[in-house]
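Me: I am new to this structure and should like to understand the terms used to describe it. Please set out the reasoning behind each one.
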Amino acid sequence: TFNLERLASVVTTEERDGVFIITFNRLEARNAINNLMTKELSDALDYWDKNDELRACVLTNNGHVFCAGSDLKELAEDAWEMPEGREKWGFAACTKRYFDKPLIAAVRGKALGGGVEIVAACDLAVASDESIFGLPEPRVGLTAAGGGTLLRLAQQIPMKFAMELLLVAEPISAQKANEWGLVNYVVPDDQVVDKAVELAKKIALGAPLSIKYSKKTVIESFGSNFIYPSPGWEVLEEYEKITRASEDAHEGDVAFAEKRKPVWTG
């Protein structure tokens, strides 16, 4: 069982109506991800991943910076390390790990470098109207590769927009991020988390297996030819068989006929 008291003040968690909220709280370092923060994020995400009652996770922040990327002091001292047994989880313990349930970014303030990488790793994103998004890595001789942004970004937004973020290395506004498709919604700062939780609650109206396999189908068939037959259709049909044969599919039919809310069992 996850013990919330084990967390230091760099990460806080909250359970709200079946939604797990993880808040970055390392304000003195602009929520830069260090070893301690990585350990606590990995613990919190693992707890959420294994808890069937928590249908979605919201990643958000205290302060005016969502995340400023990696802790450069630890990198300079070659002191960066991943928690034992979780070495392949990636930056912020989420960029290389796949989750069956949806991750939602709720960005308040600046998302820079690794902060954008976290947003790209999430399935949905809400941003404050005061937020900005930037990948400054080329200005310090690096590439935005730590969180897989070079793999994800051009699959999520048009190529030319991705190249502008990656090569020009100037931050863009939340409004432009929304126009480009990097975030789903832009709302006032005090409404960011509530909007993300609202999306999570709407996700929870769907059957767990339906959400799981809808997500897997999109990701595993991405880029596949939609003209039948193709590998993408094979993925879709394989997962459709699972959901169609599930108890929840029967429950959905019965609940509709009886004009009541379905009771999902997963």
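Reply: Let us begin with leucine 41 in this predicted model. Beyond its neighbours within four places in sequence, leucine 41 is in contact with Val11, Ile22, Phe24, Ile33, Ala92 and Ala93.

Me: What makes these residues count as being in contact with leucine 41?
Reply: Contact requires heavy atoms within 4.5 Å. Val11, Ile22, Phe24, Ile33, Ala92 and Ala93 are in contact with leucine 41 by that rule.

Me: Which residues have the most contacts inside the largest nonpolar core?
Reply: That core has 48 residues, and Leu41 is listed with Ile22, Leu45, Leu103, Ile118, Phe133 and Leu182 as having the most contacts inside it. Helix α1, residues 35–50, gives the most to this core, namely six residues. Another core, of 15 residues, lies apart from it and includes Val19, Val58, Ala196 and Ile203.

Me: Why is cysteine 57 called buried?
Reply: Buried means under 20% relative accessible area. Cysteine 57 has 0%, and is therefore buried. Cysteine 122, with 8%, is buried because that value also lies under 20%.

Me: How do you know that cysteine 57 is in no disulfide?
Reply: A disulfide needs two cysteine sulfur atoms within 2.5 Å. The nearest cysteine sulfur to that of cysteine 57 belongs to cysteine 122 and is 7.9 Å away, so cysteine 57 does not qualify. For cysteine 122 the nearest is the sulfur of cysteine 94, 6.1 Å away, and cysteine 122 is likewise in no disulfide. The count by this rule is zero disulfides.

Note on methods. Residues are numbered from 1 along each chain as its sequence is written. This is a predicted model: local features need pLDDT of at least 70, side-chain atom pairs count only at pLDDT 80 or more; totals for chains, interfaces and linings use all residues. Side-chain values use heavy atoms; hydrogens and water are left out. Buried means under 20% relative accessible area, exposed over 50%, partly exposed in between (1.4 Å probe, protein chains only). A nonpolar core is a set of buried Ala, Val, Leu, Ile, Met, Phe, Trp, Tyr and Cys residues joined through side-chain atoms within 4.5 Å. Helices (H or I, at least four residues) and strands (E, at least two) are DSSP runs, numbered from the N terminus.
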